[in-house]
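Open the model in a viewer and keep the selection panel at hand. The stops below are meant to be taken in order.

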Amino acid sequence: MDKFVIEGGKRLSGTVRVNSSKNAVLPILAGSLLLEKGEVIINKVPDLADIHTMVKVLEHLGATVKTYPGDRKLVINSESLNKYEAPYELVSKMRASFLVLGPLLARLKKTKVSLPGGCVIGPRPVNLHVMGFSKLGAKISEEHGYVIASCDRLKGNTIYFDRPSHTGTENIIMGATLAEGRTTIVNAASDPEVVDLACFLNSMGAGIQGAGSSTVTINGVKKLKPTEYTPIPDRLEAATFMMAAAITGGYLEIKNVIPEHLGMVKNKLLKAGVEISEDRKRIKVKGPKRLKAVSVTTYPFPGFPTDMQASVMALTCVADGTSHIRETVFEDRFSQVMEFNRLGADIKVSGDRAAINGVKDLRGASVMASDIRAGAGLVLAGLVASGVTEILRVYHIDRGYERIENKLRKVGAQIERKRA
Ligand code: EPU
């Protein structure tokens, strides 16, 4: 197991390039299973543990995946898709594996996918996915920790989501792509990754409209055609580097960004005293001498992303004044708080709210990453903490950030990966 050793207090300066979005690539890989004949080519795929897990899932199901590491290209052929079961050992590694349910049901008319179970950020049920597929005519049940579903051909219908679910919307979109007739998802998630999945499927001939709004319609088609696709840049990686510039009082030029995906993050950083300028695919961020307190409520897109909650909390730990953070997307996503307090932060949590009294300095200590985004927040805290911060369980961070330490080192951070 690896750890990061960070010597804090270095002001970052320079240029970083953001990779393609993990959360866009994962559903796109699942969606490639919908193609009966021919190949799907995905360009600029990031080298991440979660992407490797999804490739293993596709291969387990009978697809062939050719990888071209230098080119960062994946070529997927799912003509020989022949297994309909996604086992616990794969789904428990990464919840996004549950995204194969829709494509398997559409292609093979039956599927058995392990329930992902709870995780460190809360219980995370899949009832909306299950309700959606039963509305599309699937016979669906939960047995021995598995969701078992079968159908003739899925049939379009209107599906009302009680709340917008990101992968729930993606799963239904994929299932409905090959369904008979029209499906409408009301109160759909509008995240950029949902839009990117729709663009990818439409490039194969799917009939998806309205992705990016709260009502998505899918006119089912009989079959899809091959495509070559380049996914969107990772807004969460971009936001993490924006916050790295902000927290160190540094200056970063961040390339390969879609600024419109970062509206609420920019808004909160501006309130915290950060200077931001942008052009089409680039954002420049300059951190102030001392950040100002800022209050944040997480909310589905276009609200403030829950995935950046731990990172913005790192900023508030050293900001001038008291900040308030409310987590409304996941039930239990404050696992980073104890670790921040070990670094000398002053945070009190009550239910879904945290009050953060900014301190002048954090002090290095050993801390532990508990999920991807909590881990990224700890890296940010380590960049400003005086002395040495050790971050254990870096494998969580590696699931979503490709060699973050190399990118940070290039712009002046003192951060090393070592064997723990
Ligand atoms: N929910 C239900 N029932 C469902 C589905 C969701 O009650 O059937 C609840 C969840 O428990 C949660 C809320 O709805 O309280 C929102 O969950 P959502 O389904 O939107 O999350 P997700 O699709 O499981 C994706 C991302 C997460 C990101 C969330 C929120 C992927 C692969 N995962 O998860 O990303 O935090 O949306 O934006 O896209 C990460 O990348 O580190 C990560 C955790």
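Select Asp371 together with Arg373. Asp371 caps the N-terminal end of helix H12, with a side-chain oxygen 2.9 Å from the backbone nitrogen of Arg373. The model is predicted, so the distance is one between modelled atoms.

Extend the selection to residues 372–384, which make up H12. How many of its 13 residues are buried? The count is 12, and the helix is mostly covered. Arg373 is among the buried residues, as are Ile372, Leu378, Val379, Leu380 and Leu383. The buried set also includes Gly375, Gly377 and Gly382, along with Ala374, Ala376 and Ala381.

Now add the strands on either side of H12 along the chain, S22 and S23. Strand S22 covers residues 366–368 and runs parallel to S23, with three bridges joining them. One residue to pick out in S22 is Val367, whose bridge partner in S23 is Ile391. The chain passes from S22 through H12 to S23, and this β-α-β crossover is right-handed.

Stay on S23 and colour it by accessibility. Which residues form its covered face, and which the uncovered one? Thr389 and Ile391 are on the covered face, while Val388, Glu390 and Leu392 are on the other.

Next, select strand S1, residues 2–7. Five of its six residues are buried, so to speak of S1 as mostly covered is fair by the cut-off of under 20% relative accessible area. S1 pairs with S23 (residues 388–392) in the antiparallel sense, over four bridges. Two of the pairings bring back the covered face of S23: Phe4 has Ile391 as its bridge partner, and Ile6 has Thr389. Ile391 is thus a residue to label twice, as it is the partner of Phe4 and also of Val367.

S1 has a further partner to display, strand S24 (residues 414–419). These two strands are antiparallel as well, and six bridges join them. At Glu7, look across to S24 for the residue opposite, Gln414.

Move to another sheet. Four strands form it, in the order S6-S7-S9-S8; the sheet is open and its pairing is mixed. Strand S6 (85–86) and strand S8 (139–143) are at the edges, and each has a single partner strand, so one side of each has no neighbour in the sheet. To view one edge, select S6 with S7 (residues 110–114): the two run parallel and are joined by two bridges. Ala86 stands opposite Val113 in S7.

Then select Lys112 and Tyr146. The charged end of Lys112 sits over the ring of Tyr146, at 4.8 Å from the ring centre.

Show the ligand next. Which of the 21 residues around it come nearest? They are Asn127, Ser165, Thr167, Asp307 and Val329. Three of the contacts can be drawn as distances:

- Ser165: an N or O atom of its side chain is 2.6 Å from an oxygen atom of the ligand.
- Thr167: an N or O atom of its side chain is 2.5 Å from a ligand oxygen.
- Val329: here a polar backbone atom is 2.5 Å from a ligand oxygen.

Select helix H10, residues 309–317. Nine of its nine residues are buried, so the helix is largely enclosed by the rest of the structure. The buried residues include Gln309, Ser311, Met313, Thr316 and Cys317.

Go on to the aromatic rings. A search of the whole structure finds one aromatic pair. It consists of Phe200 and Tyr229, arranged edge-to-face, with 5.6 Å from centre to centre and 70° between the planes. Phe200 is in helix H7 (residues 192–203) and Tyr229 in strand S14 (residues 227–229), so the pair, by its 29-residue separation, links distant parts of the chain. Are the two residues buried or exposed? Both Phe200 and Tyr229 are buried.

The last stop is Val194, which is also in H7. Val194 is buried, with a relative accessible area of 0%. Add Ile28 to the selection: Val194 and Ile28 are 166 residues apart in sequence, yet their C-alpha atoms are 9.6 Å apart in space.

How values were computed:
Residues numbered from 1 in each chain as written. Predicted model: local features only at pLDDT ≥ 70, side-chain atom pairs only at ≥ 80, totals over all residues. Heavy atoms only, no water. Buried < 20%, exposed > 50% of the residue type's maximum accessible area, 1.4 Å probe, protein only. Polar contact = N/O pair within 3.5 Å; in protein donor to acceptor, adjacent residues only side chain to side chain. Pairing = 2+ DSSP bridges. Phe/Tyr/Trp six-rings, centres within 6.5 Å; stacked < 30°, edge-to-face > 60°. Lys NZ or Arg CZ within 6 Å of the ring centre and 35° of its normal. Right-handed = clockwise from strand over helix to strand, strands pointing away. Near = heavy atom within 4 Å.
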